[in-house]
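Here is a short note for someone opening this entry for the first time. Please keep the view open while reading the points.

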Amino acid sequence: MLITIEGIDGTGKSTLLTALKSQLADLDPIFTREPGATWVGEAVRRAIAEQIDPITEASLFVADHAAHLSTLVRPALNKGRLVISDRYSDSRFAYQSVTLKGVVPDPEGWLRAMHDGWSIIPDRTFLLVLSIDDALARLADKSGREHFEKREVLEAVQNNYLAYAWAEPSRFVIVDAALEKEEIVKFVADGIRQILQSSKSHRQP
Ligand code: TMP
């Protein structure tokens, strides 16, 4: 079972993931992330920091995804493990559609084609949604802002995410990131347990 957690910068993904580690410990999940689950992620971080051209950056994100799938996600799923990824392919579609605007004719089509035929679609995606003002306020305390963390970019990225959730309501679960931390953790943890439960009952003869 593959669960992904998505959302713009500043929605509290990292805090949620830290809390899920203890809340879901009995399920023995594998927690992972993009970028950065493999050494290719280091190249991605460097590309982000140096603001390299958007095609190089997007290609590195896809390379990181390929390495992540082959070394970690696919083997874990084949063993029947629960995998929870902090960001995954929807991050690419949502963010690089913005950075590649005007660079390639159809950014989203280009990005989706890059994943076609080999990537694995998550079973469920929890999308943290927050007003852009609140996300920016939370990011204000952070040092070393990335180039994605600007109002226009975050706004466009969140609109992309919402369009994907609208198009695939059976995969996406929208999470109100303005709620109290405990409520968010409970909502997502309970949601993951329910998905596992219903997949088990479907598999029973
Ligand atoms: P992080 O803050 O979750 O570590 O992610 C680093 C930044 O990279 C964040 O601003 C989102 C961005 N990102 C993309 O632009 N495309 C991607 O495919 C991924 C995984 C992350």
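The points below go from the overall fold to the ligand site and then to two backbone details.

1. Status. This is a predicted model. Please read every value below as computed from that prediction.

2. Fold. The chain holds eight helices and five strands. Read from the N terminus, the order of elements is β-α-β-α-α-β-α-α-β-α-α-β-α. The radius of gyration is 17 Å, close to the 17 Å that the globule rule gives for 205 residues, so the chain is as compact as a globular protein of that length. Along the principal axes, the C-alpha trace spans about 50 × 40 × 30 Å.

3. Ligand site. Where does the ligand sit? It occupies the largest pocket. The shell around the ligand counts 15 residues. D9, R33, R87, R92 and Q96 are the closest of them.

4. Make-up of the shell. Sorted by class, eight shell residues are charged, five are nonpolar and two are polar. Which helix gives the most to this shell? The answer is α4, with four residues. Two helices, α2 (40-50) and α4 (89-99), each supply at least two shell residues.

5. Polar contacts. Three side chains deserve a look here. In R33, a polar side-chain atom lies 2.6 Å from an oxygen atom of the ligand. For D9, an N or O atom of the side chain is 2.7 Å from a ligand oxygen. The side chain of R87 likewise places an N or O atom 2.7 Å from an oxygen atom of the ligand. How much of the ligand does the protein bury? Taken alone, the ligand exposes 470 Å², and 94% of that is buried by the protein.

6. Cis peptide. Please check the bond between E34 and P35. It is a cis peptide bond, with omega at about -5 degrees. P35 belongs to the loop between β2 (30-33) and α2. Most peptide bonds are trans, which is why a cis bond is worth a second look.

7. Positive phi. D28 also merits inspection. Its phi is positive, about 50 degrees, although D28 is not a glycine. Most residues other than glycine have a negative phi. Where is D28 placed along the chain? It falls in the loop between α1 (13-23) and β2.

8. Where to start. For a first look, begin with the ligand in the largest pocket. Then turn to the cis bond joining E34 and P35, and to D28 with its positive phi.

Notes
Residues are numbered from 1 along each chain as its sequence is written. This is a predicted model: local features need pLDDT of at least 70, side-chain atom pairs count only at pLDDT 80 or more; totals for chains, interfaces and linings use all residues. Side-chain values use heavy atoms; hydrogens and water are left out. A residue is near a molecule or strand if one of its heavy atoms lies within 4 Å of it. A polar contact is a pair of N or O atoms within 3.5 Å; within protein, one must be able to donate a hydrogen and the other to accept it, and residues adjacent in sequence count only if both atoms are side-chain atoms. Accessible areas come from the Shrake-Rupley method with a 1.4 Å probe; for residues, only the protein chains shown count as cover. On a 1 Å grid over the protein atoms alone, a cavity is a set of points where a 1.4 Å probe fits but cannot get out, and a pocket is an open set with protein on both sides within 12 Å along at least five of seven lines; lining residues have an atom within 4 Å of a point. A molecule sits in a cavity or pocket if more than half of its atoms lie within 2 Å of its grid points. Ala, Val, Leu, Ile, Met, Phe, Trp, Tyr, Cys and Pro count as nonpolar, Asp, Glu, Lys and Arg as charged, and the others, Gly among them, as polar. The radius of gyration is taken over C-alpha atoms; the globule rule is 2.2 Å times the number of residues to the power 0.38.
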